[in-house]
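Here is a short report on a structure and its parts. Please look at the sequence and the model first.

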Number of protein chains: 2
Amino acid sequence: MSVRYELIAQCPETGARAGLLHTPRGTFKTPIFMPVGTQATVKTMTPEELQDLGAEIILSNTYHLYMRPGEALVKEAGGLHRFMNWPRGILTDSGGFQVFSLGPLRKITEEGVSFKSHIDGSQHFFSPEKVMQIQMDLGADIIMAFDECPPHPSTWEYARNSLDVTLRWARRCQQAHHREGQALFGITQGGMYADLRRESAQRFVEMDFPGYGIGGLSVGEPKPLMYEMLDVTVPELPANKPRYLMGVGSPDCLLEGVARGVDMFDCVLPTRVARNGLAMTSTGKVVIRNAQYARDFEPLDPNCSCSTCRNYSRAYLRHLYKAEEILAYRLLTMHNLHMLLQLMRDMRQAIIDGSFVAFKKSFLARYGQESQE
Amino acid sequence: MSVRYELIAQCPETGARAGLLHTPRGTFKTPIFMPVGTQATVKTMTPEELQDLGAEIILSNTYHLYMRPGEALVKEAGGLHRFMNWPRGILTDSGGFQVFSLGPLRKITEEGVSFKSHIDGSQHFFSPEKVMQIQMDLGADIIMAFDECPPHPSTWEYARNSLDVTLRWARRCQQAHHREGQALFGITQGGMYADLRRESAQRFVEMDFPGYGIGGLSVGEPKPLMYEMLDVTVPELPANKPRYLMGVGSPDCLLEGVARGVDMFDCVLPTRVARNGLAMTSTGKVVIRNAQYARDFEPLDPNCSCSTCRNYSRAYLRHLYKAEEILAYRLLTMHNLHMLLQLMRDMRQAIIDGSFVAFKKSFLARYGQESQE
């Protein structure tokens, strides 16, 4: 098997677990956060900087790379790692979430999904087989089965039907996938219905994937509902396989996800909010354009060891942001990614030390209650 | 004196000279190119990256920093070096060129220039004394006297009058300037008239500045005319002072400027064209969006040792540029700055080795004839 999960330590009070994800590209420490590099680049960052931050695996988007520059070109370049000069892990998503987000621009049938390009309006078709071909050509270390991601809210009937379609597509993905050294994960769905979540997880486990995505969450539902869905899904998943909560990246959700036994996360949040001038710090969010920082010559987060906090003041960051300088986006992205990657490392250490519950409580007390972002 | 020029070697056939510029902030090797950091940042770059490229001194803009964030804030931050975390040399321009570029938004009198902000339309006034105060507060290592930069074309009468105003303002700048360890350079003018250029240079030399800017060139005139103006100006300037050709940065102009005895240059060209997808390479310009590079997996410039050329292909750079990714602007800026800084180092070595004329000829033959950018 191309990816193997090894359990290292478990929190005695929660489901939190520290582990190792062995892949042909190296061994990654879990729980892990994967920065998102939608278009074969984590926005504003070089691969060297990501490595310096300790990022071990990044996510890139099948839909976007299929559209531009096209998987054939990436394959010709020697695969995605070589194209973007990133030597560590890459996971590509299934394209399902992006395609379904197109709304009226797409049409779903049993065979697959036809949709129009967000770039030039041209007509395209994604089937499970096509999505496997694209992801095999891109050559990521972990790829995801093509899924239907039901919108929120959806009726039970819609979610139930969607679950069945996703399972049939997952089987076709397994049959079509044949790239050595590349792991294919399934994506459990089930909308916001506990019975469907349970059933989806059980039926995916029967299909024996090397890892399981938990999809269709963080789509606008209240956080407690997301946690409830995790509470019913994770116990159905095998202990010897990694669990990946897709599209989640706010610090409180990472803590709650890890507490429920999730091992992997990805989200555009830290990089996207950075470009909107928002920094995640150990004591909560900082909106850098605010006038209160105009003459604040302290670092963004005095408790942070990232290069932004070591070298620049809030006043300088505010100036750069207001002057619309690219360096502002770079420095805030750097900080936010460091913050989340460090949070994952701290959680892992706390799990190993047996102090996860105390760590979680103390972190949340300092960071403050966070609303949906 | 806060800045001292030391001549190291001279080309026997041209006016090209290799020297050292001793400043309280360190000794810089000339001829030198100063990357432009208009708003207290060289666009897209960190100070660490600039240091890695070997940049020794950068230029920042008095007008822009006065407008935003204001010189009082920069002073409070401990000066411009500390505000932007740049430990090496900084030169601030006089604001003259920016203010005169405002056209109908400004009005010139003997006392100074009143103008409207390009940001919010508010009313402002720059006098020689005000410009000195701003530059003293910013705290650069080298500052420039306030000058009137005549537009091109200008009549002889306009240029003559402008020359006189600039001289009277320069005297007021000398009287107002009193920051230790900071050198005040004069700016010679004279439009496109040889007699006025000569006179301006002579009268500035009489005022004994530690260095001389050559202003009002590269304002739209043909390159041969600019070279002609240099030919009449430089011989009037003393051999023991640095000469600084303002706003010039295309490779051919740098070579021709150095050949005429210029020691210092600055220009937004390498950074600005980079953000428009244009790379300067050893064999000429590369417009990275061109379809011919879509599947070109070679480096931007196989003869270049910069990190962009060591790590990325033209195909990847084209993809990033077309996808409007910030990394495209970063990687092209990095390359262009490296290219110009390396060109200056190569010129300096050729002067020392006695091979400047051959170097210039061979470089221009490879680079190709360049039109005005």
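Helices (H or I, at least four residues) and strands (E, at least two) are DSSP runs, numbered from the N terminus. Under that scheme, Leu341(B) sits in helix H14 of chain B, residues 326-353.

This is a predicted model, in which local features need pLDDT of at least 70, side-chain atom pairs count only at pLDDT 80 or more, and totals for chains, interfaces and linings use all residues. Residues are numbered from 1 along each chain as its sequence is written, chains are lettered from A and ligands numbered from 1 in the order in which they are written, and side-chain values use heavy atoms, with hydrogens and water left out.

## A residue in chain B

Leu341(B) counts as buried, at 5% relative accessibility. Buried means under 20% relative accessible area, exposed over 50%, and partly exposed in between (1.4 Å probe, protein chains only). Leu341(B) touches Phe33(B), Leu53(B) and Ala55(B), not counting residues up to four places away in sequence. Contact here means heavy atoms within 4.5 Å. Ile90(B) is 251 residues from Leu341(B) along the chain, and their C-alpha atoms are separated by 16 Å.

## The domain and the binding site

UniProt, in an unreviewed entry, places the feature "domain: tRNA-guanine(15) transglycosylase-like" at residues 14-368 of chain A. UniProt positions follow the numbering used here, feature names are shortened, and annotations may be inferred rather than shown by experiment. Over residues 14-368, chain A is 44% helix and 17% strand. The end C-alpha atoms of this stretch are 21 Å apart.

Under "binding site", UniProt (unreviewed entry) lists Cys304(A), Cys306(A), Cys309(A) and His335(A). They are spread over 32 residues of sequence, yet they cluster in space: the largest C-alpha distance is 8.4 Å.

Two of these residues are set out below.

| Residue | Place | Relative accessible area |
|---|---|---|
| Cys304(A) | loop between strand S16 (284-287) and helix H12 (307-311) of chain A | 14%, buried |
| His335(A) | helix H14 of chain A | 0%, buried |

Leaving aside neighbours within four places in sequence, Cys304(A) is in contact with Cys309(A), His335(A) and His338(A). With the same neighbours left aside, the contacts of His335(A) include Ala279(A), Thr281(A), Leu300(A) and Cys306(A). Met280(A) is also in contact with His335(A). The backbone oxygen of Met280(A) lies 2.7 Å from a polar atom of the His335(A) side chain.

## Where the chains meet

How many residues of each chain are in contact with the other? The count is 35 residues of chain A and 35 residues of chain B.

The two chains bury about 3200 Å² between them, 55% of it on carbon and sulfur atoms. Buried area is the accessible area (1.4 Å probe) that two parts lose on being put together, summed over both. His319(A), Glu325(A) and Ile326(A) supply 17% of the area that chain A buries against chain B, more than any other three residues.

Six salt bridges are counted between chain A and chain B. A salt bridge is a side-chain nitrogen of Lys or Arg within 4 Å of a carboxyl oxygen of Asp or Glu. The side chains of Glu49(A) and Arg330(B) meet in one (2.8 Å, N to O).

Elements giving two or more residues to the chain A side include helix H1 (47-53), helix H13 (314-322) and helix H14 (326-353) of chain A. H13(A) gives the largest share, five residues.

Conventions: A polar contact is a pair of N or O atoms within 3.5 Å; within protein, one must be able to donate a hydrogen and the other to accept it, and residues adjacent in sequence count only if both atoms are side-chain atoms.
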